[in-house]
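Q: I'd like a close look at one thing here: the salt bridges. Please go through them slowly, then tell me what the rest of the fold puts around them.

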Amino acid sequence: MSEDQPQSPEVVETLDRALGQIDTARSYNEWLFDRARSRLGHRVADVGAGVGTFTALAAADGHEVMAVEPEAAFAAHLRQRFADSPAVAVVEGAIDALEAEVDSAICFNVLEHIPDHAATLRSIASRLVSGGRLFLLVPAHERLFGGYDRAAGHLRRYSKPKLRHLLGEAGFELETLRHVNPVGAAGWLVRVATSSSPDWPSSSFAAFDRLVPVLRPLDRLPLPFGLSLWAVARKP
């Protein structure tokens, strides 16, 4: 999922395991995708598509999807998964490999893996049509950075001011920037403080997915903290 250089084999293994578990978390995936669903337009770039979780949701809604994925193993998986889907084109490489203009881009839990995240945001902007939107999810609160982040290949977590500055420098107009998933942030902090293992918390994620119907109403509230930052940015 790194746009600039391949991840180490250990990180790819961790990502493969984590993304496979997330792919089965239907309530969580629908919750996240619903935040962008009504404003995607026809042609969508899934930047850092991984195993294709959100590519599949977008294609099922009738969108034409460019699944952009630099990791060779994940790109091969995407080609196999969507071999019979004419709505999906797999682009193996960084966002610079995408030659088509798109109406929107989704980039969920990807930017934190990329060394030159500023350049990636500029490249996404250059491939959006005028008025196109980027829907972005990144891990929040730099103080939460720990072993789980490192094991998953995260290079950083984000603050609101940092993300606002990055998007502005890339030429975007910010429409939405807010914290999401406060329950996840509390759970993450507890695990960072009490666990000596950096392994992906699969059992906790499965339990969280079952709580999503109860937690979704929190999206309507302005929250001072959360596990992630959700941003919607528009190309002028």
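A: Let's fix the term before anything else: a salt bridge means a side-chain nitrogen of Lys or Arg within 4 Å of a carboxyl oxygen of Asp or Glu. Keep in mind too that this is a predicted model. The general idea is simple: side chains of opposite charge can pair when their charged atoms come close.

Start with K162 and E142, whose closest N and O atoms are 2.9 Å apart, and which form a salt bridge. K162 belongs to helix α7, while E142 is in the loop between β5 and α6 (147–151), so this pair ties together parts that are 20 residues apart in sequence. How exposed are the two partners? Buried stops under 20% relative accessible area and exposed begins over 50%; K162 has 29%, so K162 is partly exposed, and E142, with 41%, is partly exposed as well.

Now for a pair with a longer reach along the chain. E175 and R39 meet through their side chains in a salt bridge, at 3.7 Å from N to O. Strand β6 (residues 173–180) holds E175 and the loop between α2 and β1 holds R39, so the bridge ties together parts that are 136 residues apart in sequence. E175 has a relative accessibility of 36%, which makes E175 partly exposed. R39 is partly exposed too, at 33%.

Then there's R37 with D34, a salt bridge whose closest N and O atoms are 2.2 Å apart. R37 is partly exposed with 24% relative accessibility, and D34 is partly exposed with 31%. This pair isn't on its own: E30, D34, R37, D61 and R216 are linked in a network of salt bridges. Across the whole structure the count comes to 12 salt bridges.

That network also brings us to helix α2. Spanning residues 26–34, α2 gives the most to the lining of the largest cavity, with 3 residues. The volume of this cavity is about 70 Å³, and the structure holds 1 cavity of 30 Å³ or more. What lines the cavity? The lining is made up of Y28, W31, L32, R35, L137, V180, N181 and S228. By type, these residues divide into 5 nonpolar, 2 polar and 1 charged.

Two spatial checks are handy around here. T53, which is found in helix α3 (residues 53–60), has a relative accessible area of 10% and is therefore buried. From T53 to N29 there are 24 residues in sequence, and 7.7 Å in space from C-alpha to C-alpha. For the other check, take V180 from the cavity lining: its C-alpha is separated by 9.9 Å from that of R220, which is 40 residues away along the chain. R220 lies in the loop between α9 (202–215) and β7 and is exposed, with a relative accessible area of 69%.

What about the nonpolar side of things? In soluble globular proteins, nonpolar side chains tend to be buried together. Here the largest nonpolar core has 31 residues, and L134, L136, L163, L167 and F172 touch the most other members. Elements giving two or more residues to this core include α7 (160–169), the helix that carries K162, along with β1 (43–47), β2 (64–69), β4 (102–108), α5 (117–127), β5 (128–139) and β7 (228–234). Strand β5 has the largest share, with 4 residues. Zoom in on L134: beyond its neighbours within four places in sequence, L134 is in contact with A105, C107, L121, I124, L128, L167, F172, A231, V232 and A233. There is also a second, separate core of 27 residues, with A36, L40, F135 and L137 among them. L137 turned up earlier, in the cavity lining.

Finally, the wide view. The protein chain has 9 helices and 7 strands, and buried residues make up 50% of its 236 residues. Take the contacts with a separation of 6 or more: residues 24 or more positions apart account for 77% of them. The E175–R39 bridge, tying parts 136 residues apart in sequence, is a nice charged case of such a long separation.

Notes. Residues are numbered from 1 along each chain as its sequence is written. This is a predicted model: local features need pLDDT of at least 70, side-chain atom pairs count only at pLDDT 80 or more; totals for chains, interfaces and linings use all residues. Side-chain values use heavy atoms; hydrogens and water are left out. A nonpolar core is a set of buried Ala, Val, Leu, Ile, Met, Phe, Trp, Tyr and Cys residues joined through side-chain atoms within 4.5 Å. Buried means under 20% relative accessible area, exposed over 50%, partly exposed in between (1.4 Å probe, protein chains only). Contact means heavy atoms within 4.5 Å. On a 1 Å grid over the protein atoms alone, a cavity is a set of points where a 1.4 Å probe fits but cannot get out, and a pocket is an open set with protein on both sides within 12 Å along at least five of seven lines; lining residues have an atom within 4 Å of a point. Grid points are joined across faces, edges and corners, and a volume is the space filled by probe spheres set on the points. Ala, Val, Leu, Ile, Met, Phe, Trp, Tyr, Cys and Pro count as nonpolar, Asp, Glu, Lys and Arg as charged, and the others, Gly among them, as polar.
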